[in-house]
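This report looks in turn at the nonpolar cores, the contact between chains, and the strands.

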Amino acid sequence: MSMKRLFQTIKGLWSLLVGLKVTGGELIKPWLTVHYPRQEVENLSSYRGHIELVPAVGDPLTPRCIMCWKCVEICPSRCISLRMHTPGEAAGAGSTDGGLFLAPDVKSPYSTHLSPPPDKIERILDSYHLNYSLCSLCGLCVQSCPADAIRFSRNAYLVGTSRQSFELDLLARLRNQATPGQPPAGRS
Amino acid sequence: MTAQLLELLSHPLGQMIAALAAIMAFMAVNGMALQYAERKVAGFIQRRPGPYEVGPHGLLQPFADAGKLISKQLVAPLGADRLLFWLAPLVSVAPVVVCFLPIPFSPLLTGMNINLGLLLILAFSGLNTLALCLAGWGSNNKYSLLGAARAVSQSVAYEIPLLLSVLAVAFQVGSLDLAAIAASQTQGVLSWNVLVQPLAFIIFFISGIAETNRAPFDLPEAESELTAGFHTEYSGMCFGIFFLAEYSYMVVVCAVATALFLGGWDGPVFPGPWWFLAKTFALIFAMMWFRWTFPRVRFDQLLNVCWKWLIPLGLANLVATAAIVKWVQ
């Protein structure tokens, strides 16, 4: 009986050492996380932030977008809306919707499954808005884009204090990023 | 002027007063530094950064905390025994200053050279129990009273193995003078008492943790059961003083362990006091490590460990030491 107790005590003391080893190991393990406000994660290559426009080759100010409306139509959350005009028109005169941004399908002329304009005339993008508060990051727009004009941004640190701050003007963002010196629309 | 000052310092009383002033300054800095270290150790063990916002790496956090504690209002609860209530923190912190006096940081750097230094430390550290008792009784609060009752029974129980382990070393060296005991172990690591008396060291360290009310023996202030135990009702700097006393007692216990078992100031290259402080704070780190590793014991377990294991082992160790000392003579 007493031998059993002695054995149990030695086992208990050993378990204390094991506990010290566990906590001591945690004490000296290297950090895997960063102190966010002062440091930021650098490895964002696999991060899927909100979508952004890809600039055309050789012209960082112009998006690669061909305004085919496929992204607008395929989006299950209906969070993309864009405006364009042809060179003959004044900017914003061609396909004005001018109205409710939160429901782009109501006012946009091309959102009710109309096919995109068949002619090959040159089109100029006026605005490309993303309502990020509706977006579910499903990636269908990126997949369906025939010109590879949309990609996921690496904007991991997007914060806002209102719903409006998640209504992103991606065209302005593209131009801001292309023009050094101007404050960027969002960190990325 | 300098000559007069030196003459004043060469007098034992002048030396003691200078030592007391230095000790109080050390205690204040030590309290802040250890509080920071404790929170950092806790944080790192729990995979979080600990204090980080005030100053670089949270270095100014202790100053912010000290400022907060000092500026808070001191409130005595209704129905408290005001005299005892306000007396308790002072009774807690005053003896610990004396406890630092005989600690030999080096052969020269000793506050007071007396040949009964060990006895003085043991006697004055016992007063802390009285302070916790006063705090618990004076607060007019059931949690405080329960905490005080636990503190008393715990301290009474653990003082016995503590004394037994200290006595074994005293038998072996034949002195109660900490400086003499430390001086007997200056022939390298192999002469340190931790290798000669390993059992006494383990008993001393466990009892020391219990005497300073540190986890896993922190039953007098068990948060989950007694809110904060004996200092439940203390606000502001009164709590701060208890806190300071606790951390100073930690230093005293670890410094005595260093002098008794770890060779005191013995060490290569660097001057003696640095070695003494390094060993002391290494032991304090071990105490913090224990705190954030082991869960709090139950009260019956606490007393069982003391009465059924530490005291018999301490007695056996003492008897064996006495027999060997007698045989060698």
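## Nonpolar cores

In this predicted model, the largest nonpolar core has 87 residues, and those with the most contacts inside it are Phe204(B), Val252(B), Ala257(B) and Leu260(B). Helix H12 of chain B, spanning residues 236–261, supplies the largest share of this core, with 19 residues. When residues up to four places away in sequence are left out, Phe204(B) touches Leu162(B), Ser165(B), Val166(B), Ala257(B), Leu260(B) and Phe261(B).

A second core, separate from that one, consists of 23 residues, including Val72(A), Cys75(A), Met84(A) and Leu130(A).

## Contact between the chains

Chain B brings 9 residues to the contact and chain A brings 8 residues. On the side of chain B that touches chain A, 7 residues are nonpolar, 1 is polar and 1 is charged.

## Open sheet of chain A

An open sheet of 3 strands in chain A follows the order E4-E5-E7, with antiparallel pairing. Strands E4 (80–85) and E7 (167–169) of chain A stand at the edges and each have a single partner strand, so one side of each is left without a neighbour in the sheet. From one strand to the next, the twist averages 20°.

Strand E5 of chain A (residues 124–131) is joined to E7(A) by 3 bridges, and Asn131(A) has Glu167(A) in E7(A) as its bridge partner. Helix H5 of chain A (residues 170–178) packs on the sheet, where it touches E5 and E7 of chain A, and its direction makes about 50° with that of E7(A).

## Hairpin of chain A

Strands E2 (residues 55–56) and E3 (residues 59–63) of chain A run antiparallel and are joined by 2 bridges, with Ala56(A) standing opposite Asp59(A) in E3(A). Their hairpin has 2 residues between the strands, and in this hairpin Gly58(A) takes a positive phi near 85°.

Conventions:
Residues numbered from 1 in each chain as written. Chains lettered and ligands numbered in written order. Predicted model: local features only at pLDDT ≥ 70, side-chain atom pairs only at ≥ 80, totals over all residues. Pairing = 2+ DSSP bridges. Helix = DSSP H or I, 4+ residues; strand = E, 2+ residues; numbered from the N terminus. Core = buried A, V, L, I, M, F, W, Y, C linked by C-beta atoms within 7 Å. Buried ≥ 20, exposed ≤ 12 C-beta atoms within 10 Å, placed from the backbone. Contact = placed C-beta atoms within 7 Å. Nonpolar A, V, L, I, M, F, W, Y, C, P; charged D, E, K, R; others polar. Axes fitted to C-alpha atoms, helices over the stretch in contact; angles between N-to-C directions.
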